[in-house]
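Trainee: Could you take me through how contacts, burial and surface patches are read from a set of coordinates?
Mentor: Gladly; let us put the structure in view and begin with contacts.

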Amino acid sequence: MQALLALLAIPLAGAAVLGLVGHRDSAATVNIGFSLATFVAAMLLTARIVAGGPVLALQQQFFVDSLNVFLVTLTAFVGFTTALFARPYMRVERDHGRMTAPRMRLFHSMYQLFSFTMLLALTTNNMGLLWVAMEAATLATVLLVAVYRTPASLEAAWKYFILCGVGIAQALFGTILLYLAAERLIGAEGGGLLWTNLDAVKHQLEPTVIALAFVFLLVGYGTKVGLVPLHNWLPDAHAEGPTPISAVLSGLLLNVALYAVLRCKVLADGALDSRFAGDLMMGFGLLSVVLAAFFLSRQRDIKRMFAYSSIEHMGLVTFAFGMGGAVASFAGLLHMTVHSLVKSAIFFAVGHAAQKAGTQVMDDIRGLIRVNPIVGWGLMIGSLAILGMPPFGVFASEFLILTTAMREFPWTTPLLLLALGVAFAAVLSKVQPMVFGETNVKPLAHPPAIVPVFVHLGLALLLGLYIPPYLEVWYQQAARLVAGG
């Protein structure tokens, strides 16, 4: 299938090319070109799936259906817009001496390799290859987090590597258990790890083994999602790495890791015929929402604050999928989409704001509305959107999640409302003086790439007011799959 091959080959080729020329002045444009080509390939693949339904390709090693195809498109789109943002941002970093030629080459090549690993994880049908892709994504982003070579960035990268390495080892053990459960039914000819084969026999899989496998898989991939108490790597990685990497970590990698959990949940629900998997996800999700909301109020670094916001929102999505049912799953998918769009837009604005002030400490960033009104309004509107203000899409998805929780699990509603209220007060109280306070900061030497900010926010606004029919059908099909319908 040409579109799928192109989708995977383009970023891989981009990594090789930029590994050679990534230090040149034209490297940022080349990075944008490869990211745009990847997005076009994703759109062609999407059109093929919408027209013809799910597709198995390359000896059943790759599988694209309604669940992963919209995540493929979202990943390619945010990857492209982040490459646009990175061009002026990394130029300023180079001018300030934080990026040397070798570091620029490393950044551009690993950016494309990271895109490849995420798309590989999303499209593969092989649960073993999914694990390999997630591990490769970890290794690529470790190098990106450490690219500044400061003591703080090296410490953050080391913590990221150790914690996610331990987590991914748990996921490997869960994958082995999954294969052991499937081998008795499917045989040892190599098809025991293909998700489509596992899905066909999920009701016959050994419940005890599958339950144990899901625990390890949830802990392993949940570490990459940033679920509490497995989240400690995430704030440091966001705060110390380049801002474009913060954008793709929050906007894309967390989604890909949660996608892996969802594939495993479908199998566990079929094998166990109980709420075991859903209850675990609800527990981890609710704990993440509540604790992250309270951690928000203690942050002084703006990127760390929005990193904790990502933990909160991924916890909310995990909670939604844990509740199960078509409505909650629909809301979870919608929230994944709008969170990716809004949070990456926020990091774009934050990146420019921190460069203007020369610091990420929020107390030292003031008066963005005076220095650059577009950046200031982008940060303010993005913050209101991620806090769930109507009519943005985050409000619509949170409303669906809350109303479902009120109906199905009323005891969780006070905890969710408390956490969302605390998060709202914490973020707004810190962002408001950053945007409207007094300042003497001078404008940047290079004009910021602000178009991606408002493109993302515009799409999030659209999804809060109106979901196009084809996208609604997409969500409904994926929600039925996740809910077991």
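Mentor: Contact means heavy atoms within 4.5 Å. Please keep in mind that this is a predicted model.

Trainee: Which residues does L154 touch, not counting residues up to four places away in sequence?
Mentor: With those sequence neighbours set aside, L154 touches A146 and R149. L154 itself belongs to helix 6, which covers residues 151-186, and its C-alpha lies 9.3 Å from that of L143, a residue 11 places away in sequence.

Trainee: Is L154 exposed or partly exposed?
Mentor: Partly exposed is the class between under 20% relative accessible area, which is buried, and over 50%, which is exposed. L154 counts as partly exposed because its relative accessibility is 41%, whereas V451, in helix 18 (residues 451-465), is exposed because its relative accessible area is 58%.

Trainee: Which residues form a nonpolar patch on the surface with V451?
Mentor: The patch joins V451 with V455, L459, L462, L465 and Y466, and together they have about 540 Å² of accessible area.

Trainee: Turning to the interior, how many residues does the largest nonpolar core have, and which have the most contacts inside it?
Mentor: The largest nonpolar core has 183 residues, and those with the most contacts inside it are Y221, F306, F321, L333 and L379. Helix 10, residues 243-272, gives the most to this core, with 20 residues.

Trainee: And what does Y221 touch, not counting residues up to four places away in sequence?
Mentor: Leaving those neighbours out, Y221 touches M127, L130, W131, M134, I168, A171, T175, A257, A260 and V261.

Terms used. Residues numbered from 1 in each chain as written. Predicted model: local features only at pLDDT ≥ 70, side-chain atom pairs only at ≥ 80, totals over all residues. Heavy atoms only, no water. Patch = residues over 30% accessible without salt bridge, like charges linked within 9 Å, V, L, I, M, F, W, Y side chains within 5 Å. Areas by Shrake-Rupley, 256 points an atom, 1.4 Å probe, with all protein chains shown as cover. Salt bridge = Lys/Arg side-chain N within 4 Å of Asp/Glu carboxyl O. Helix = DSSP H or I, 4+ residues; strand = E, 2+ residues; numbered from the N terminus. Buried < 20%, exposed > 50% of the residue type's maximum accessible area, 1.4 Å probe, protein only. Core = buried A, V, L, I, M, F, W, Y, C linked by side-chain atoms within 4.5 Å.
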